[in-house]
Amino acid sequence: MNNKYIFLSLVLLIIVNPLFSQAKKPTIMVVPSINWCEQNGYTYEYNVQGRTQIAPDYDLALAKSTELKLVIAKIAGLMGERGFPLKDLESTLQSIKNIAAEDMVTSSRSGAEIQESPLDQLKRVARADIIMELTWNVNNRGPFKSVSFILRGLDAYTNKQIAESVGTGPENGSATVPVLLETAVLAHIDNFNSRLQAFFDDMFENGREVALRIAVFDSFGEDLESEFNGDILSQVIEDWVYDNTIQGRFSLLDATENFMMFEQVRIPLFENERAIDTRTWARGLSTYLRKDYSIDSKIVMRGLGQATIIIGER
């Protein structure tokens, strides 16, 4: 009898255990590094508040470099084989083209604007958890070639590096660059992926790190030190952030009568099985201010990881 129960328990364990061991994987997008783009002439300049910035021109790189497309496909294949869902760079760029008014968000009444970098736009539209940034270089020695590479895993929300792998593959006299790169990366990919997964597991437990900026429209007529229903507005906002973060974890870096800056804000990944991103989370504060204090506000995003709530207009 005991043997029968033991047998049944083992069968259940075999069936159920894989279901629990299959951790949710982070969504990843593979992109060439800005260093690779600069070396190969795939960059362009853009203006942010009067200052010239350099950005990788992914559109041009994909249009001109067959090698790049093959390299991305190879790396994507390696990641896909290990169960990491991927966002396609080329499809994401096309989505950006199809979205109107992506370059700036402007209040129709006040003219306040928030500018985004092209990379911020890419991250926001792709909505990947991790950006996998790839740099490679071909080494030539007579008829033989090898590939050196740098892989960096970046949190798409904060741009913090969470994993890195560097290596050089074996020499070969006939293999193509994508195959040489695949061979070079193969020895390092599992350790790299384990660090990506560890980062993602930590987010599940301790929340996703984002930033929240509070500003005030000139037309508001009040400020963050004004009282509403007997409460100071800045304290109302800080209390809401505390109540809606994992274990009340955040840092209030600066606060004036017209400005508040929260960083290292840990928000949940899911709520009632629904994915939560920075915009969704910030919308909760905006809705709370409108319903409980009759205060209108506008949410504008910079990339995936920073929400700005501008108080006084919608």
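Here is a short walk through the aromatic rings in this structure, and keep in mind that the model is predicted.

Let's begin with the overall tally: nine aromatic pairs turn up in this model. Take Tyr44 and Tyr46, whose ring centres are 6.5 Å apart, with 55° between the planes. That pair is called tilted, because an edge-to-face label needs planes over 60 degrees apart and a stacked one needs them under 30. As for Tyr44 itself, its relative accessibility is 33%, so this residue counts as partly exposed.

Now hop over to Phe200 and Phe204. Their ring centres sit 5.3 Å apart and the planes meet at 80°, which makes this pair edge-to-face. Where are these two in the chain? Both belong to helix H8, which covers residues 189-206, and they are four residues apart, or about one turn of the helix.

So is Phe200 buried or exposed? With a relative accessible area of 2%, Phe200 is buried, because that value falls under the 20% cut-off. Phe204 has a relative accessible area of 41%, so Phe204 is partly exposed.

Rings can also gather in groups: Trp36, Tyr42 and Trp136 make up one aromatic cluster.

Finally, look at what sits over some of the rings. Lys25 is placed over the face of Phe84, 4.7 Å from the ring centre. Over the face of Tyr157 you'll find Arg208, at 4.0 Å from the ring centre.

Note on methods:
Residues numbered from 1 in each chain as written. Predicted model: local features only at pLDDT ≥ 70, side-chain atom pairs only at ≥ 80, totals over all residues. Heavy atoms only, no water. Phe/Tyr/Trp six-rings, centres within 6.5 Å; stacked < 30°, edge-to-face > 60°. Buried < 20%, exposed > 50% of the residue type's maximum accessible area, 1.4 Å probe, protein only. Lys NZ or Arg CZ within 6 Å of the ring centre and 35° of its normal.
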